[in-house]
Amino acid sequence: MEIKDFKALGKGEESAPAAASLVEGNPRQQVWNVLSSLDGRFHVGEWASGTGAWRVNYTEYELCHLLAGAVRLTDEAGQSKLYRAGDSFVIPSGFRGTWEVIEPCRKLYAIYE
């Protein structure tokens, strides 16, 4: 297996949150999945999104490092945390709540399913 480099990502895969989970806005997203393990349980890449909010239900663990922008994560109990460019955080499997992009953002991610 070769070492993967983030320098030449090219055009990302375009997406958006599912309509049923959308809370506000119309966030357009791009994903650059740089690596997926052979068993399909580990993924690493870069993700970008415009402003908006949507409901999330994590069945995976995700390490995030914000490169740009600001996001707010709010759990089902109403507790929220704000993250800005330069911040790193881990979302545990089982987290349910809302992901809100306050300023267009870009992040590095590592996901384990």
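Begin by selecting Tyr 112, which is partly exposed, with a relative accessible area of 40%; the model on screen is a predicted one. Tyr 112 belongs to strand E9, which covers residues 96–112, and this strand is the thread of the tour. Before leaving the residue, add Phe 42 and Tyr 61 to the selection, since with Tyr 112 they make up a nonpolar surface patch whose accessible area comes to about 300 Å² together.

Next, show E9 as a whole and bring in its partners one at a time. Strand E4, residues 42–49, runs antiparallel to E9 and is joined to it by eight bridges; to find the register, select Val 44, which faces Ala 110 of E9. Strand E5, residues 52–57, is also antiparallel to E9, with six bridges between the two, and here Val 56 has Gly 97 as its bridge partner in E9. Strand E6, residues 61–75, is likewise antiparallel to E9 and is connected to it through 13 bridges, among them a place where Leu 66 stands opposite Lys 107.

Now turn on the side chains and look for charged pairs; the model has six salt bridges, and the stops that follow each involve a residue of E9.

Select Arg 106 and Glu 46, which form a salt bridge in which the closest N and O atoms are 2.3 Å apart. Arg 106 lies in strand E9 and Glu 46 in strand E4, so this pair ties together parts that are 60 residues apart in sequence. Is each partner buried or exposed? Arg 106 counts as partly exposed, at 29% relative accessibility, whereas Glu 46, at 7%, counts as buried because it falls under the 20% cut-off.

Move along to Glu 100 and Arg 72, whose side chains meet in a salt bridge at 3.1 Å, N to O. This pair links distant parts of the chain, with Glu 100 in strand E9 and Arg 72 in strand E6, 28 residues apart. Glu 100 is partly exposed at 21% relative accessibility, and Arg 72 is partly exposed as well, with a relative accessible area of 28%.

Finish with Glu 103 and Arg 84, a salt bridge whose closest N and O atoms are 3.3 Å apart. Here too distant parts of the chain are linked, Glu 103 being in strand E9 and Arg 84 in strand E7, residues 80–84, at a separation of 19 residues. Glu 103 has a relative accessible area of 35% and is partly exposed, while Arg 84, at 41% relative accessibility, also counts as partly exposed.

How values were computed. Residues are numbered from 1 along each chain as its sequence is written. This is a predicted model: local features need pLDDT of at least 70, side-chain atom pairs count only at pLDDT 80 or more; totals for chains, interfaces and linings use all residues. Side-chain values use heavy atoms; hydrogens and water are left out. Patches are made of residues with over 30% relative accessible area and no salt bridge: like charges are joined within 9 Å, nonpolar side chains (Val, Leu, Ile, Met, Phe, Trp, Tyr) within 5 Å. Accessible areas come from the Shrake-Rupley method with a 1.4 Å probe; for residues, only the protein chains shown count as cover. A salt bridge is a side-chain nitrogen of Lys or Arg within 4 Å of a carboxyl oxygen of Asp or Glu. Helices (H or I, at least four residues) and strands (E, at least two) are DSSP runs, numbered from the N terminus. Buried means under 20% relative accessible area, exposed over 50%, partly exposed in between (1.4 Å probe, protein chains only). Two strands pair if DSSP finds at least two bridges between them.
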